[in-house]
Amino acid sequence: MSKNIFEKIKCPNCGNQEDFRIWESVNTELNPELAQKVKDRSLFKFVCSKCKNDYEIEYTTLYHDPKLRFMVYYFSNEPKDNINTIQRNHLFSTDVLKDYKLRMVDTKQKLIEKIKIFEDGLDDIIIEILKGLCIINIPAEKKEALKAIYYYGKEDEKITLLVMYNGIQNEYARVSIKEYDNLVKDIETKQPKVFSLVESNNISNYIIKDNRPDNEKIKEETPSPTKENKQEENENIDNDEDGEVDSDEDEEFDDEDEDNIANDEDDDLIMSNDGEAKIKELINTYYTKFLEIARKSDIITNAEFEIYPFLCSIIDLIIEQANINTTVIREHIYPSIMNEKKWNENQQKAFNERIYLYDEMIMGKNPRAIWLNGNTNLNMKEEKMKCLVTFGDILYNPECSKDYYNAPIRLYGVFESINFTNQVIFPMIELLNKYTTDILNFVDSQDE
Ligand SMILES: [Zn+2]
């Protein structure tokens, strides 16, 4: 059903106080009249009965179209707890929602856009790809002013996108349904299983396969004035066969790594074979301990793999902080662990990607801490803590391992989040400190 409550609103103009109806959820089958009110935003409009001024009210709502089987959850500056509550109230009949499209949006404009796309029977993932193609063809001088692109509508065998700029006139970009259909044919997409943001910058998460024979050809069909920067954009759209976007970051990592190895070649290696064995022993000992903690949580599914890159990054970090060259760790220990574990190529690649992610945190980036709900005061200035929080993000939401900052938000109930923090993260912090102490003891023993 559609749920609503009344809240007192004080008119900012005349001070008059009156009740305003807030729709916590909108079910278009039960209340078809509300669909239009969302689309023209009147659902969010407060009109003062005294002075007749009107204001838009920000509130969170869940839009549910049972007939077309989609839900769009618009969250308006909500604390995560509320998101979890909505999730609990509406989501845990997952069987019913199995074939649903579940989306999350953070602006009303995006909410309306998603509704229009689904009502027109289109795939929003493909529409996001179309937007990407459209951007390619915007001339450089206009690109700077580009604000946003929205789906506008479908008619006469054409799909129209609204291209919005800052300070200059908006434009419409049109593409034929045939081109859209071709994309649908060539690109295999997958639906997120939980409420997710599906936007241009994260569509690679929802693409399984991109079989486009000739991207250039498609681009020429896309609407637009010029065709600059094709090459550059191409990289964002081209996909590997396995559906993962080739990121520049991998290459960067490889380059850096090679540089390090080259530069450090003449440095003394700190470790004897005995030392290497001891490092591996430390990693393996703590692997077992971390795994034990991870197994206490039902929501963690990827710990067996993820603990290794985390522990490797930490040992590298702590030894480096003791001013000792760690090239040997990257050169010998990492490959040796990969060998022992008999990891396939994908797993080895994933391992290197994680090491790179932890490196980025150590170099100054900030973790998302998505499970924290903003209510704990962890000291995140310390590099090892930043790594632990990042590690927590990956355990909490495995999507984070692919595209850390853009991974869709995975929702669990309030209790799952709290349990995750209390039963997993806090014990892991304690264990991390012990691990650090043991590593430092090892370093000391090497000095002697
Ligand atoms: Zn008023």
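**Exercise 1.** In which helix is the place of Cys387? Determine also whether Cys387 is buried or exposed, and list its contacts distant in sequence.

*Solution.* The model is a predicted one.
- Step 1. Cys387 has its place in helix α14.
- Step 2. A residue is buried if 20 or more other C-beta atoms lie within 10 Å of its own. For Cys387 there are 23 other C-beta atoms within 10 Å, and Cys387 is therefore buried.
- Step 3. When residues up to four places away in sequence are not counted, Cys387 touches Phe310, Ser313, Ile314, Leu317, Tyr358, Met361 and Ile362.
- Step 4. Asp359 stands 28 residues from Cys387 in sequence, while their C-alpha atoms are 8.6 Å apart in space.

**Exercise 2.** Describe how helix α13 packs with helix α14, and classify the residues of their contact.

*Solution.*
- Step 1. Helix α13 comprises residues 345-362 and helix α14 residues 383-396; their axes are 9 Å apart, and the packing angle is about 135°.
- Step 2. Because of this angle, α13 is oblique to α14.
- Step 3. The handedness of the crossing of α13 and α14 is right-handed.
- Step 4. From α13, the contact involves Leu357, Tyr358, Met361 and Ile362; from α14, it involves Glu383, Lys386, Cys387 and Thr390.
- Step 5. By class, the residues of this contact are 5 nonpolar, 1 polar and 2 charged.

**Exercise 3.** Give the strand order of the open sheet, and explain why β1 and β7 each have one side without a neighbour in the sheet.

*Solution.*
- Step 1. The open sheet is formed by 5 strands in the order β1-β2-β5-β6-β7, with mixed pairing.
- Step 2. The edges are occupied by β1 (3-10) and β7 (101-105); each has a single partner strand, so one side of each is left without a neighbour in the sheet.
- Step 3. On average, and with direction ignored, neighbouring strands of this sheet are turned by 25° against each other.
- Step 4. Strand β6 (residues 70-74) and β7 run parallel and are joined by 5 bridges. Within this pair, Val72 has Arg103 of β7 as its bridge partner.
- Step 5. Helix α3 (residues 108-119) lies across β5 (61-65), β6 and β7, and runs at about 175° to β6.

**Exercise 4.** Which strand contains Asp54, and which residues is Asp54 in contact with, its neighbours within four places in sequence aside?

*Solution.*
- Step 1. Strand β4 contains Asp54.
- Step 2. Asp54 has 13 other C-beta atoms within 10 Å and is thus partly exposed.
- Step 3. With neighbours within four places in sequence left aside, the contacts of Asp54 are Lys45, Phe46 and Val47.
- Step 4. Cys11 is 43 residues from Asp54 along the chain, and the C-alpha atoms of the two residues are separated by 8.7 Å.

**Exercise 5.** Locate Lys52 and Asn323, and state the phi value of Lys52 and that of Asn323.

*Solution.*
- Step 1. Lys52 occurs in the loop between β3 (45-47) and β4 (54-56). Its phi is near 70°, a positive value in a residue other than glycine.
- Step 2. Lys52 is exposed, with 10 other C-beta atoms within 10 Å.
- Step 3. Asn323 belongs to the loop between α11 (303-321) and α12 (327-341). The phi of Asn323 is near 60°, a positive value in a residue other than glycine.
- Step 4. Asn323 has 7 C-beta neighbours inside 10 Å and therefore counts as exposed.

Key:
Residues numbered from 1 in each chain as written. Predicted model: local features only at pLDDT ≥ 70, side-chain atom pairs only at ≥ 80, totals over all residues. Pairing = 2+ DSSP bridges. Helix = DSSP H or I, 4+ residues; strand = E, 2+ residues; numbered from the N terminus. Axes fitted to C-alpha atoms, helices over the stretch in contact; angles between N-to-C directions. Contact = placed C-beta atoms within 7 Å. Parallel < 35°, antiparallel > 145°, perpendicular 65-115°, else oblique. Left-handed = near helix turned anticlockwise from the far one by under 90°. Nonpolar A, V, L, I, M, F, W, Y, C, P; charged D, E, K, R; others polar. Buried ≥ 20, exposed ≤ 12 C-beta atoms within 10 Å, placed from the backbone.
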